[in-house]
Amino acid sequence: MGCALSGSGVSSGASAPDSAGSKRDRAAESTFASAGGSEIGGARGPGFRLKSEPVPLTESQKDLIRESWKVVHQDIARLGIIMFIRLFETHPECKDVFFIFREIDDLQELKMSKELQAHGLRVMSFIEKSVARLAQEDKLEQIALELGKCHCRYNAPPKYYEYVGVQFISAVKPILKDSWSPQVEQAWESLFAYLAAVMKRGYHEEEHKDGVNKASYARKRPPQSPAEEAPPNCI
């Protein structure tokens with residue numbers, strides 16, 4: 001399973017122009033963030049786990065997602081590219097998370113990138129797996145949790161997770177045409193808010209686990225001499 005946002009680090013980039021579309025996207029991102037944000041509180045002992053989120057979807061909403069996915073699935077390769085190009089247009093700082101795309105400023109060049117095409121397909125594959133597991137909520141939670149842990153290992157911070165859902169919805173609206181409705185949009189928004197929340201939980205659990213492992217290693221490591229602790233060029 002590929003990470004939706006992966007790389008060795010993030011640095012701030014120039015802000016995208018506040019076009020009408022960009023403002024709508026940012027408003028939608030706020031909706032995702034408020035609906036899917038997990039509070040991280042309480043003691044963080046060795047068995048630290050964040051509270052599970054219930055899947056916020058009715059059976060009719062799940063059916064709407066399944067039916068619309070049947071149409072979307074027919075063109076997932078192109079949709080994956082459109083989704084990420086829109087992501088980089090509205091949030092250019094996200095491109096820094098992908099080390100293979102950092103130096104490509106021309107969006108037309110990015111559209112032709114085989115790496116972007118492959119990554120878009122991996123993300124669409126994750127969405128497909130999520131749709132297939134709507135009736136198996138424990139399995140849906142597990143794949144989102146593991147993806148969040150993967151993002152922690154690739155240092156892709158949680159603040160970006162809502163962006164992908166917003167751009168997916170923007171990209172599928174023209175594809176579904178008359179089949180798109182406020183009810184379909186709300187169903188997809190609820191699904192992506194849930195996935196983002198579980199991914200954040202996975203990220204923070206992995207982050208905590210990594211911190212515990214490092215602290216345990218530091219306690220068990222034998223004391224070093226001053227010469228060993230000093231930087232190589234320090235005299």
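In the predicted model, F168 is buried, with a relative accessibility of 0%. This residue belongs to helix 7 and takes part in aromatic pairing with residues of other helices. F168 and F192 form a tilted pair, with ring centres 5.2 Å apart and an angle of 50 degrees between the planes. Because F168 lies in helix 7 and F192 in helix 8, this pair ties together parts 24 residues apart in sequence. F192 is itself buried, at 9% relative accessible area.

A search for aromatic pairs gives a count of seven. One of them joins W69 and F168 in a stacked arrangement, at 6.5 Å centre to centre and with 25 degrees between the planes. W69 is located in helix 2 and F168 in helix 7, so the contact between the rings ties together parts that are 99 residues apart in sequence. W69 counts as buried, since its relative accessible area is 7%, below the 20% limit. W69, F168, W188 and F192 form one aromatic cluster. I127 is in contact with each of W69, F168, W188 and F192, when neighbours within four places in sequence are left aside.

The largest nonpolar core comprises 55 residues, and those with the most contacts inside it are W69, F88, M124, I127, F168 and W188. At least two residues of this core come from each of helix 2 (59-72), helix 3 (76-90), helix 5 (114-132), helix 6 (137-153), helix 7 (161-176) and helix 8. The most is given by helix 8, with eleven residues. In soluble globular proteins, nonpolar side chains tend to be buried together.

Helix 8 spans residues 182-220 and includes A197. A197 is buried, at 3% relative accessibility. The C-alpha atoms of A197 and P158 are 9.0 Å apart, while the two residues are separated by 39 positions in sequence.

Side chains of opposite charge can pair when their charged atoms come close. Eleven salt bridges are found in the whole structure. Helix 8 takes part through K200, which forms a salt bridge with E162, the closest N and O atoms being 2.5 Å apart. K200 lies in helix 8 and E162 in helix 7, so this pair ties together parts 38 residues apart in sequence. Both partners are buried: K200 has a relative accessible area of 13%, and E162 has one of 5%.

A network of salt bridges links E59, K62 and E137. Within it, E59 and K62 form a salt bridge with 3.4 Å between the closest N and O atoms. E59 and K62 are three residues apart in helix 2, which means that about one helical turn separates them. E59 counts as exposed, at 51% relative accessibility, whereas K62 is buried at 3%. The side chains of K62 and E137 also meet in a salt bridge, at 3.0 Å from N to O. This pair links distant parts of the chain, as E137 is in helix 6 and K62 in helix 2, 75 residues apart. E137 is partly exposed, with a relative accessibility of 34%.

For the protein as a whole, nine helices and zero strands are found. Of its 235 residues, 46% count as buried. The exposed surface amounts to about 12,800 Å², of which carbon and sulfur atoms supply 52%. Among contacts with a separation of 6 or more, 81% are between residues 24 or more positions apart.

Definitions and conventions: Residues are numbered from 1 along each chain as its sequence is written. This is a predicted model: local features need pLDDT of at least 70, side-chain atom pairs count only at pLDDT 80 or more; totals for chains, interfaces and linings use all residues. Side-chain values use heavy atoms; hydrogens and water are left out. Helices (H or I, at least four residues) and strands (E, at least two) are DSSP runs, numbered from the N terminus. Buried means under 20% relative accessible area, exposed over 50%, partly exposed in between (1.4 Å probe, protein chains only). Contact means heavy atoms within 4.5 Å. Accessible areas come from the Shrake-Rupley method with a 1.4 Å probe; for residues, only the protein chains shown count as cover. A nonpolar core is a set of buried Ala, Val, Leu, Ile, Met, Phe, Trp, Tyr and Cys residues joined through side-chain atoms within 4.5 Å. Rings of Phe, Tyr and Trp (its six-membered ring) pair if their centres lie within 6.5 Å; planes under 30 degrees apart count as stacked, over 60 as edge-to-face and the rest as tilted. A salt bridge is a side-chain nitrogen of Lys or Arg within 4 Å of a carboxyl oxygen of Asp or Glu.
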